[in-house]
Amino acid sequence: MSAAAPPPTDQTIVKLTYRQKVPISSMKEIIQECLQDKLTGKQYEGEKCAEAARLLSDTIRDRLKALNYERYKFAVQVIIGERRDQGVRMGTRCFWDSNTDNQASATFFNDHIFAVATAYAVYFY
């Protein structure tokens, strides 16, 4: 029988200051601006929504990267749908470090479409 390995004694714990962590307010502002810029005045076209969501998520991710926070990876999810006076519920689950990681979400509505964009800022150790 082999003995169980002892627990590691040298653990690295990263604790960022509030100035080093990506602020939720900046993330939310960028997401909202992108949604407004790209979707204002648009109507729902089912065939084009997948491409529009991809382009919008790329735009948001690029703008977040331009904030120049070192060691952060950004993941963005955008959902665009037709507005038919129905409710929509969304949920996400993530496993992350609450000391370093963040997430922000914003929504957009007009008479024809709705959009929800969520961005995740994950610190890369």
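This passage describes the fold, the two leading pockets and one buried threonine of a predicted model.

The overall layout is a good place to start. The protein chain contains 2 helices and 3 strands, and reading from the N terminus the elements follow the order α-α-β-β-β. Of its 125 residues, 31% count as buried. Contacts across the sequence were also tallied: among those in the protein chain with a separation of 6 or more, 76% are between residues 24 or more positions apart. The surface exposed by the protein chain comes to about 9200 Å², and 49% of it is supplied by carbon and sulfur atoms.

Attention can now turn to the empty space around these elements. Rolling a probe the size of a water molecule over the atoms shows where such space is left. The largest pocket holds about 300 Å³. Its lining is made up of 14 residues, and those nearest the pocket centre are Lys38, Leu39, Lys42, Lys48 and Ala52. Two helices, α1 (24–39) and α2 (46–65), each contribute at least two residues to this lining. The largest share comes from α2, which provides 6 residues. In terms of chemical class, the lining of the largest pocket comprises 8 nonpolar, 5 charged and 1 polar residues.

The second largest pocket encloses about 250 Å³ of space. Its lining consists of Glu82, Arg83, Arg84, Asp85, Gln86, Gly87, Val88, Met90, Thr107, Phe109, Phe114 and Val116. Here the elements giving two or more residues to the lining are the strands β2 (102–109) and β3 (113–123). By class, the lining of the second largest pocket divides into 5 nonpolar, 4 charged and 3 polar residues. Readers following along in the structure may find it handy to view the two pockets in turn, starting from α1 and α2 for the largest pocket and from β2 and β3 for the second largest.

A final point of interest is Thr100, a residue of the loop between β1 (72–82) and β2. Thr100 has a relative accessible area of 0%, and it therefore counts as buried, the cut-off being under 20%. The side chain of Thr100 takes part in two polar contacts: one of 3.1 Å with the side chain of Asp101, and another of 3.4 Å with the side chain of Tyr125. Thr100 thus combines a loop position with a buried setting and with side-chain polar contacts to Asp101 and Tyr125.

Methods: Residues numbered from 1 in each chain as written. Predicted model: local features only at pLDDT ≥ 70, side-chain atom pairs only at ≥ 80, totals over all residues. Heavy atoms only, no water. 1 Å grid on protein atoms, 1.4 Å probe; cavity = no way out; pocket = protein on both sides within 12 Å on 5 of 7 lines; lining within 4 Å. Points joined across faces, edges and corners; volume = space filled by probe spheres on them. Helix = DSSP H or I, 4+ residues; strand = E, 2+ residues; numbered from the N terminus. Nonpolar A, V, L, I, M, F, W, Y, C, P; charged D, E, K, R; others polar. Buried < 20%, exposed > 50% of the residue type's maximum accessible area, 1.4 Å probe, protein only. Polar contact = N/O pair within 3.5 Å; in protein donor to acceptor, adjacent residues only side chain to side chain. Contact = heavy atoms within 4.5 Å. Areas by Shrake-Rupley, 256 points an atom, 1.4 Å probe, with all protein chains shown as cover.
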